[in-house]
Amino acid sequence: MCGIVGYAGTKGAKDVIYSGLKQLEYRGYDSAGVLVVEDGKIHIDKEVGTVNKVDITSLPGTSGLGIGHTRWATHGGVTKDNAHPHTYGNVSLVHNGIIENYEDLKNRYELTTVSETDSEVLAGVIDYKMTTDNYSLREATVRALSECQGTYGVLAVAPAKEPGTLVAARSGSPIVIGVGADKEYIIASDPSAILTTNKMVFLSDGEIAEFKNGTMQVYDFASKPKDITEETVETEKSSDDLKGFDTYMHKEIFEQPDTLKETMRGRILSEGKFNLGGPNLTNEQIKSLKSIFIIGCGTAFYAGQSVKYALEELLDIPVVVEYASEFRYRHAALEADNSVAIFMSQSGETADTLAAESEARRRGMPTMGIVNSVGSTLARSVSHGGIYLHAGIEKSVASTKAYSSMVVALLMFGGFLAEKRGLPLSDVRQLGTDLLDTPREIASMLESFEDIMTVASEVSGFSNCFVLGRDTLYPVALEGALKITEVSYMHAQALPTGEMKHGPIALIDENHLSIVLMPEDKLMYEKTCSGIQEIRARNGKVLTVGSRPAKGGLSDWHIPTPMTGKNISGLVINCALQQLAYGIANSLGRNIDRPRNLAKSVTVE
Ligand code: M6R
């Protein structure tokens, strides 16, 4: 989604900003812009489309002050006028987040804006405070922000009045400052955009940093100077190297045998013993746990769902999985005693997940993170540590390798808790050794790629499908349906296999595809075959995925998967569905890595 990069220093601001914005591209955006300040004047280029379209050669190269942005449209369409930076009077700014009361502010200050954005209104209010009330840029920004409802990470300059000053403020949207050599500061919404230093200062909500004359000072909103703490953050830089694959989704699906090894490295010993250093729960807390909450959005939510059954069986306590956007309003759940809330996120920047975590923490719940992005806001906010996935940067909007690593990380956490709670060691060791097998099983599933592509091309003509799963395969069906929908735009609806007959079966005819996930368990297999009979009796088409096709030749297509046992069969079937989703999208010529309307990291609520 939206990304911010700014620079205050002595080198050419435009190059630093441009390279930082390139790093943020994979998060999804629809327009971009760069503004530099020279001789008290602004020089700007902003364009609809990719960062490459911004012509930085048209901007002065010697400027040491500037701001840049990648925008994902929220208020107002995808147009050049709506792209950032925005200028109103003397003030230019870039903004992440949403100013919810922007229409009130626009009316109150009688602003005439060029764009349809809330951000330009914010620039107008800051300009008003500087021009009419004579405040400095920092004071005017604080006063304007104090009247705003919503979230923001904002960088502002006002060169006609304060030629060498840049301010950065935060409430709800992250701002991190890279402290370079020679009085050089790179300010960004994500540490990965800071390329030249790993010394960083993270602004907290309600703080504003002022950069002028080669210095940085952080203040609270009451203008009290704050001490700053520099941290060393080792971020991974994103690379454009597709390593011979045609898309990032394709590459990331194939990286899974390696990324799973990284997720487990040093955390499961060869005899299946769990060794996790990240979770900061005391033995007392672990022993007295009465329930576990798992919270996330999209694929992270489904990863939680797919582990729920296994954790409940292993730990014998309820495991509740909630959408982050809903959890924050579940007041009773937020006050559960003897509980821990685990927040799952690839990016660690998803606004709904951050808001839910902050509410849970505020109410005294211990919070943990299962996060891929090192140093992200979620990883830094949780109260009781967590587990980094170490899956490497995921660039495709459709999450694949982060999903499998999340499932494995959660199962490892379950094994770790079970061991500490003194539960049957044989089950725990079995889980550990099964997990150590996943890279090999996933590698074997990937060998079917060409066959899956053939099936994908044959089913790509359907406009609608069900993805049906029973028991532990129902969450796998949910994730599979999401993947198919987001990259191919085929409408896919996941259902528990047994629910079909309670209504959805009305949709079945010869033009409707049902993708049925086949359980290894004999009883479940038999029940699933009965469901398939009901579909075939109504002329519906059936694609089965699993270690066995439907009995009696009822599958129109079948994708065979290895027989693996209950702990990891869901992961292997998921890998087949990831390939199927990719294949259908490929057959339909979709823009697989950048599906329409989607962003990699959803940083607005
Ligand atoms: O970065 P997060 O894991 O918090 O992202 C959550 C969802 O936005 C994300 O999983 C989304 O559903 C993906 N596009 C799914 O492929």
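Is S173 buried or exposed? Some notes on that and on other spots in this predicted model, point by point.

1. **S173.** The answer to the opening question is buried: the relative accessibility of S173 is 4%, and the cut-off for that label is under 20%. You'll find S173 in the loop between β8 (162–171) and β9 (176–180), so don't go looking for the residue inside either strand. Once its neighbours within four places in sequence are set aside, S173 is in contact with N96, G97, T151, Y152 and G153.

2. **Domain layout.** The domain assignment splits the protein into domain 1 (3–232), domain 2 (240–444) and domain 3 (448–605). Taken over C-alpha atoms, the centres of domain 1 and domain 3 are 45 Å apart. Those two domains do make a contact, with 9 residues from domain 1 and 8 residues from domain 3 taking part.

3. **Where the ligand sits.** The ligand lies between domain 2 (240–444) and domain 3 (448–605), because both give residues to the shell around it. There are 14 residues around the ligand, and those that come nearest are S345, Q346, S347, T350 and E486. Sorted by class, the shell holds 5 nonpolar, 7 polar and 2 charged residues.

4. **Ligand oxygen distances.** Here are the pairs I'd pull up on screen. An N or O atom in the side chain of E486 is 2.3 Å from an oxygen atom of the ligand. For S345, the distance from a side-chain N or O atom to a ligand oxygen is 2.6 Å. T299 comes in through its backbone instead: one of its backbone N or O atoms lies 3.1 Å from an oxygen atom of the ligand. As for cover, the ligand on its own has 410 Å² of accessible area, and the protein covers 91% of that. The elements giving two or more residues to the shell are α8 (298–315) and α16 (473–488).

5. **The cis peptide.** Going from H84 to P85, the peptide bond is cis, with omega near 0°. P85 lies in the loop between β4 (65–71) and β5 (86–88).

6. **H86.** This histidine is in strand β5 and counts as buried, at 2% relative accessibility. Its side chain makes a polar contact with the side chain of T117, at 3.5 Å. Leaving out residues up to four places away in sequence, H86 touches K46, D81, V91, S92, L93, S115, T117, S119, E120 and A123. T117 therefore turns up both as a touching residue and as the polar partner.7. **N90.** Further along, N90 is in the loop between β5 and β6 (91–96). What is its exposure class? N90 is partly exposed, with a relative accessible area of 23%. Outside the four-place window in sequence, its contacts are D127, T131, V157, A158, P159, A160 and K161. For a distance reference, N90 and V36 are 54 residues apart in sequence and 14 Å apart in space, C-alpha to C-alpha.

8. **V467.** Over in domain 3 (448–605), V467 is placed in strand β21 (residues 464–469). V467 is buried, and its relative accessible area is 0%. Not counting residues up to four places away in sequence, V467 touches A477, A481, I484, A492, Q493, A494, L495, I515 and L517. V467 and T282 are 185 residues apart in sequence, with 41 Å between their C-alpha atoms.

9. **Positive phi at K183.** Phi of K183 is near 50°, which is a positive value in a residue other than glycine. The residue lies in the loop between β9 and β10 (184–188). Which exposure class does K183 fall into? K183 is exposed, with a relative accessible area of 56%, and the cut-off for that label is over 50%.

10. **Positive phi at N597.** N597 is another non-glycine residue with a positive phi, near 70°. N597 lies in the segment after α18 (566–587). With a relative accessible area of 65%, N597 is exposed.

Notes
Residues numbered from 1 in each chain as written. Predicted model: local features only at pLDDT ≥ 70, side-chain atom pairs only at ≥ 80, totals over all residues. Heavy atoms only, no water. Near = heavy atom within 4 Å. Polar contact = N/O pair within 3.5 Å; in protein donor to acceptor, adjacent residues only side chain to side chain. Areas by Shrake-Rupley, 256 points an atom, 1.4 Å probe, with all protein chains shown as cover. Helix = DSSP H or I, 4+ residues; strand = E, 2+ residues; numbered from the N terminus. Nonpolar A, V, L, I, M, F, W, Y, C, P; charged D, E, K, R; others polar. Domains from an automatic or database assignment. Buried < 20%, exposed > 50% of the residue type's maximum accessible area, 1.4 Å probe, protein only. Contact = heavy atoms within 4.5 Å.
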